[in-house]
Amino acid sequence: MVFNDMEFCPDCGAMLMPKKGIIRCRCGFEKSLSNEDIKKQYYMDGEKNPEAKVIVTDSNNVALPTTTITCYKCGGTKGYWWTVQTRSADEAPTNFIRCAKCGNTWRSSN
Ligand SMILES: [Zn+2]
Ligand SMILES: [Zn+2]
């Protein structure tokens with residue numbers, strides 16, 4: 001988590017360090033943060049990795065085309081593939097392949 005702005009105690013002016021959604025000052029001042037406050041003030045680690053989310057979402061798709069593969073985990077030869085536009089539309093879409101036998105998922109190089 002990264003601080004965007006600091007909070008200061010309205011009673012004594014000390015710098016406040018929120019812990020688990022609650023701000024607690026040495027003078028006794030206390031304030032709980034709403035989820036909205038927390039979202040505004042902190043950068044959530046999960047948002048750094050949007051591609052991981054994409055893989056999880058697409059793995060629920062049952063109508064994927066099949067292809068012949070060589071799974072590096074189990075040696076399986078049947079796999080599913082799908083294409084994901086990962087970032088901006090300027091970038092080439094990425095192909096993902098999933099082993100039908102063990103569910104191992106990886107990025108295709110072409
Ligand atoms: Zn205080
Ligand atoms: Zn496999």
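**Figure 1. Strand S7 and its two partners in the predicted model.** Thr-83 stands opposite Asn-95 of S7. This residue pair belongs to a predicted model. Strands S6 and S7 run antiparallel and are joined by six bridges. S7 also pairs with strand S8 (residues 105–107), again in the antiparallel sense, over three bridges. Here Arg-98 has Thr-105 in S8 as its bridge partner. S7 and S8 form a hairpin, with five residues between the two strands. In that turn, Gly-103 has a positive phi of about 80°. Five of the six residues of S7 are buried, which leaves the strand mostly covered.

**Figure 2. Site of the zinc ion (ligand 2).** Four cysteine sulfurs coordinate this ion: Cys-71 (SG), Cys-74 (SG), Cys-99 (SG) and Cys-102 (SG), at 2.3 to 2.4 Å. The four donor atoms make angles of 101 to 113°, and the site is tetrahedral. Along the chain, the donors of the zinc ion (ligand 2) are spaced C-x2-C-x24-C-x2-C. Cys-71 sits in the loop between strand S5 (66–68) and strand S6 (78–84), while Cys-99 belongs to strand S7 (residues 94–99), so this pair ties together parts that lie 28 residues apart in sequence. Are these two residues, Cys-71 and Cys-99, buried or exposed? Cys-71 is buried, at 3% relative accessibility. Cys-99 is buried too, at 2%.

**Figure 3. Site of the zinc ion (ligand 1).** The protein donors are Cys-9 (SG), Cys-12 (SG), Cys-25 (SG) and Cys-27 (SG), lying 2.3 Å from the ion. This site is tetrahedral, with angles of 100 to 119° among its four donor atoms. The donors of the zinc ion (ligand 1) follow the spacing C-x2-C-x12-C-x1-C. Cys-12 lies in the loop between strand S1 (7–8) and strand S2 (15–16), and Cys-27 in the loop between strand S3 (22–24) and strand S4 (30–32), so the pair ties together parts 15 residues apart in sequence. Cys-12 is partly exposed, with a relative accessible area of 36%. Cys-27 is also partly exposed, at 40%.

**Figure 4. Nonpolar cores.** The largest nonpolar core has seven residues: Cys-9, Ala-14, Leu-16, Ile-23, Cys-25, Phe-29 and Leu-33. Two of these residues, Cys-9 and Cys-25, are also donors of the zinc ion (ligand 1). Which residues does Leu-16 touch, not counting those up to four places away in sequence? They are Glu-7, Phe-8, Cys-9, Ile-23, Cys-25 and Phe-29. A second, separate core has five residues, including Ile-69, Ile-97, Cys-99 and Trp-106. Cys-99 is also a donor of the zinc ion (ligand 2).

**Figure 5. Ala-63 and the loop before S5.** Ala-63 is placed in the loop between helix H2 (50–58) and S5. Ala-63 is exposed, at 67% relative accessibility. Its C-alpha atom is separated by 10.0 Å from that of Trp-82, 19 residues apart along the chain.

**Figure 6. Overall fold.** The protein has two helices and eight strands. From the N terminus on, the elements run β-β-β-β-α-α-β-β-β-β. Buried residues make up 27% of the 110 residues. Among contacts between residues at least 6 apart in sequence, 29% join residues at least 24 apart. The protein exposes about 8,000 Å², and carbon and sulfur atoms supply 51% of it.

Note on methods. Residues are numbered from 1 along each chain as its sequence is written. Chains are lettered from A and ligands numbered from 1 in the order in which they are written. This is a predicted model: local features need pLDDT of at least 70, side-chain atom pairs count only at pLDDT 80 or more; totals for chains, interfaces and linings use all residues. Side-chain values use heavy atoms; hydrogens and water are left out. Donors are N, O and S atoms within 2.8 Å of the metal (3.2 Å for Na, K and Ca); water is not among the atoms, so sites may look incomplete. Four donors count as tetrahedral if all angles lie between 85 and 135 degrees; four count as square planar and six as octahedral if opposite donors are over 155 degrees apart and all others between 65 and 115; anything else is irregular. Helices (H or I, at least four residues) and strands (E, at least two) are DSSP runs, numbered from the N terminus. Buried means under 20% relative accessible area, exposed over 50%, partly exposed in between (1.4 Å probe, protein chains only). Two strands pair if DSSP finds at least two bridges between them. Contact means heavy atoms within 4.5 Å. Accessible areas come from the Shrake-Rupley method with a 1.4 Å probe; for residues, only the protein chains shown count as cover. A nonpolar core is a set of buried Ala, Val, Leu, Ile, Met, Phe, Trp, Tyr and Cys residues joined through side-chain atoms within 4.5 Å.
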